[in-house]
Amino acid sequence: MDEKQALEANAAAGSVRPFSESQPPFEDAADHKSHNVQVEKAGTDVDDEEVEEDLYRPLLMDPTIPHEENPLTIRAVVIGCILGSLVCASNLYLGLKTGFTFSANMFGAIFGYGILKLLEKAGKTPIIGGLFGPQENSIVQAAATGAGGTGGIFVAAIPAMYRLGVMGEGRSPMDDIGAIFTITLVASFIGIFYVTPLRKFFIIQVARELKLLFPTPTAVALTIRSMHAGAAGGVEAIKKLKCLAVCFIGALVHRIGSYYAIGILYDWHVFTWIHIWSGHTSWAMNIESWGWYFEWTPAFIGSGILIGLNPAISMFAGAVMAWAIIGPALVHYGECIGLPITDDPKWEGYYTFSSLSNLGKQAPSPRYWLLWPGVMVMVCSSMAELFVQYKAIWSGLKSVWNQSCAGINDTLVARGKTNAFFAKHGANQVKDENVVEDPFPPEQQVQTWMWALGLLATLVVAMIIFHFQWETHPGLTILAIILAFLFSFLAIQIGAVTDTTPLTAASKASQLIFGGATSGSGYSIQHAQKINLVAGALASGGADMATALVSDFRTGFLVGTSPIKQWVAQSIGSFVSVWLGPGLFVLFTSAYPCIWKDFTPEEIAAGKTCPFLVPSVTAWAAVAQAVTDPSVSIPTTSGIFAIVMGVVSIIQVVVRHFFLVGERDKYRKWLPNWGAIALSWVIPAPVFASAALLGAIVAALWRKYSMRTWDIYGYAVAAGFIAGEGLGGVVGAILTLAGVDGYTKGSMIACPADSC
């Protein structure tokens, strides 16, 4: 695989985010050292002469592309918001089910190309017709990114509040829809406003010095350019689009149809089949109880296509460790317990090992025991990746300080004054002749009054909303916003180098900080847990949106789209998601109450199962309980194991960065991916790891035997599978509310205890 392909592969992988907080610990894009890659000349075929292109400067576009007078069009924003809404719906379904969410940037770029290319044929028809070029394409993906980007709090912090009962007895998400709207509004826009002035710093001033390549946004820009590169680019773009559409529709139809024969079309419970065929063999049901079945989930086969073999194998190995070795051993030696699912002797040996009820009142489940090593490894590996970049971080902080001093000094000089301190430190800015000038004049930049006024208004609104609706002191609200800013600064910088944003570590760090801030302050346990979760949601949500905006700025910089237009497009998309996200959350929780509350004894006796594992929800709730409730403790053996595994993951990061360099760099690919391993410890079933491994194997064989077709269709297949199944989940929720879902109208044949 050449450097360009390596960049694109890692960029595509980076568009998948686990736990709705961070991109997954996939293969380090920085390892490929792709800051200068071989790219084709704009408008030429692959076989033509290749030139080395500097990816820290705007891309060389096809010179035959007409000038785009105003790429910020109504059609681009509307189409982008619609495409982003599809991804938002997918993210709610997939995030609640598995903890994963997916970025809308590549999906919006490819699908947006096809739709607007079709509208272009309308000629001079107002609003609909007119020239379509790469800059307008980047506007589509910016709006899509904004509209698809608020799912994080709805698959983690918000449902965790209901799980812990901190919203009030008998209350449902529908009862609190107003409060959910407002927290979404604040979490979405606070990050957009405070990160806007950092665009020039991250994208231009220190990008080359700190090797901030931004692999995913760069791949999106390269894809946009290739689709607009003359006739050859257009033909290839249509192929991508058709493939994406077929896979999207196929996954959608498969997911909807599978509801009515789920044990045949979706879940293959092989050990249940053995149990039935062998005359009710309990050993087979015991294996079934640990989640060892295969699920034909297009979304996770698609994610496996993207992530590559190393992370997929690591994830599967983590599942084997957790649910075939550690978990059974814990139950065998009495450290953990399982609970029988049914009293029917026909299904003897069928247990659940993932219960999180009655914490502190009985022996824990293996799921609770494994949760802490999983969280510890995620935090340790993310923080280790952060600290090994200490030189880059220190350089970045110095640059911010020096630029701030220079700005203050320039303001003083303009008023006929001076200050020796600011003049001295302002003069210490790094003078690099390779640093490009900002290609956009002041009138194409986001004006200071826009982000400053927005930030001030959002800050005031946040303090009022969090005080009256969430009973949070204004000082704690300001602390959450400060943490969001700090996490954003680190997440953007590390993500730009590694394509892995450490927001998992950031969110857990915010929960720990607020656990300390509320300790001894006279708050009740439930009040402290509510503050812990809403503050963590604000901190991680703000950092997530800030990271997305800077990524869009990077794409726009490369394809020549002015910052103000991208800023407006993403802001409009984010505003759409403020209303869409809570609405979809209420839809899912109304159709599937098991998302936010436990089953009643009657429902359990009836054999009802929940289609959502909500791993992010349980992780947030467990951390909130651990830092606020004295009666909830971490099992000693779990804590020891967590510390040992955390140290091991840190050692590997250090070895990879400081020892496996130069000639030893080739051995990096053989190291296990501890982030992926930890993910399997937190998700209480190995089924998704199995599906991802299948996708990764398919992709590896595909790349080996037909790289040309992989370059055209590979990412389109994955994006179509992911978005199609997600939208199928939304349709499933609607069918459930209408009383015509698969549970009531379909067949549960071949399912354990007659329920899948």
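Of the 756 residues of the protein chain in this predicted model, 58% count as buried. The chain exposes about 29500 Å², and carbon and sulfur atoms supply 65% of that area. Its secondary structure comes to 29 helices and 8 strands. Among the contacts with a sequence separation of 6 or more, 81% are between residues 24 or more positions apart.

Helix α14 runs over residues 309-332. With 24 residues at 1.5 Å a residue, helix α14 should span 34 Å, and because its end C-alpha atoms are 33 Å apart, the expected and the modelled span agree. The helix nevertheless has a bend of about 35° at isoleucine 326. A proline, proline 328, follows the bend within four residues. Just after α14, glycine 334 has a positive phi of about 80°.

The buried residues of α14 include Asn310, Pro311, Ala312, Ser314 and Met315. Further along α14, Gly318, Ala319, Ala322 and Trp323 are also among the buried residues, as are Ile326, Gly327 and Leu330. Isoleucine 326, where α14 bends, is thus listed with the buried residues of the helix. What do the buried residues of α14 pack against? Their partners are the strand β4 (100-102) and the helices α13 (298-307), α15 (366-387), α25 (636-658), α26 (674-682) and α27 (687-705).

Another helix, α18 (residues 448-468), holds threonine 458. Threonine 458 counts as buried because its relative accessibility is 10%, and the cut-off for buried is under 20%. A polar atom of the threonine 458 side chain lies 2.6 Å from the backbone oxygen of glycine 454. Leaving aside neighbours within four places in sequence, threonine 458 is in contact with Val186, Phe189, Ile190 and Phe193.

Tyrosine 93 sits in helix α2 (residues 74-98). Is tyrosine 93 buried or exposed? At 3% relative accessibility, tyrosine 93 counts as buried. Not counting residues up to four places away in sequence, tyrosine 93 touches Arg255, Tyr259, Tyr266, Phe588, Phe612, Glu725, Gly726 and Gly729. The C-alpha atoms of tyrosine 93 and leucine 727 are 7.9 Å apart in space, although the two residues are 634 residues apart in sequence.

Histidine 269 belongs to the loop between β5 (267-268) and α11 (270-277). Histidine 269 is buried, with a relative accessible area of 4%. Which residues does histidine 269 contact, leaving aside its neighbours within four places in sequence? The contacts are with Glu288, Tyr293, Ala750, Pro752 and Cys756. With glutamate 288, histidine 269 makes a polar contact from side chain to side chain, at 2.6 Å. From histidine 269 to proline 752 the C-alpha distance is 7.3 Å, with their positions 483 residues apart in sequence.

The cysteines come next. The count of disulfides is 1. Cysteine 594 and cysteine 610 form a disulfide, with their sulfur atoms 2.0 Å apart. The link is right-handed, with 70° about the S-S bond. This pair links distant parts of the chain, 16 residues apart: cysteine 594 lies in the loop between α22 (563-591) and α23 (601-605), and cysteine 610 in the loop between α23 and α24 (615-628). Cysteine 594 is buried, because its relative accessible area is 8%, whereas cysteine 610, at 24% relative accessibility, counts as partly exposed. Two further cysteines are buried: cysteine 88 has a relative accessible area of 1%, and cysteine 336 has 2%.

The last topic is backbone phi. Most residues other than glycine have a negative phi. Isoleucine 127 is not a glycine, yet has a positive phi of about 70°. Isoleucine 127 lies in the loop between α3 (105-120) and α4 (134-147) and counts as exposed at 55% relative accessibility. Aspartate 754 also has a positive phi, near 60°. Aspartate 754 is placed in the segment after α29 (742-745). At 46% relative accessibility, aspartate 754 counts as partly exposed.

Conventions. Residues are numbered from 1 along each chain as its sequence is written. Side-chain values use heavy atoms; hydrogens and water are left out. Helices (H or I, at least four residues) and strands (E, at least two) are DSSP runs, numbered from the N terminus. The expected span of a helix is 1.5 Å times one less than its number of residues. The bend at a residue is the angle between axes fitted to the seven residues ending there and the seven starting there. Buried means under 20% relative accessible area, exposed over 50%, partly exposed in between (1.4 Å probe, protein chains only). Contact means heavy atoms within 4.5 Å. Accessible areas come from the Shrake-Rupley method with a 1.4 Å probe; for residues, only the protein chains shown count as cover. A polar contact is a pair of N or O atoms within 3.5 Å; within protein, one must be able to donate a hydrogen and the other to accept it, and residues adjacent in sequence count only if both atoms are side-chain atoms. A disulfide is a pair of cysteine sulfur atoms within 2.5 Å.
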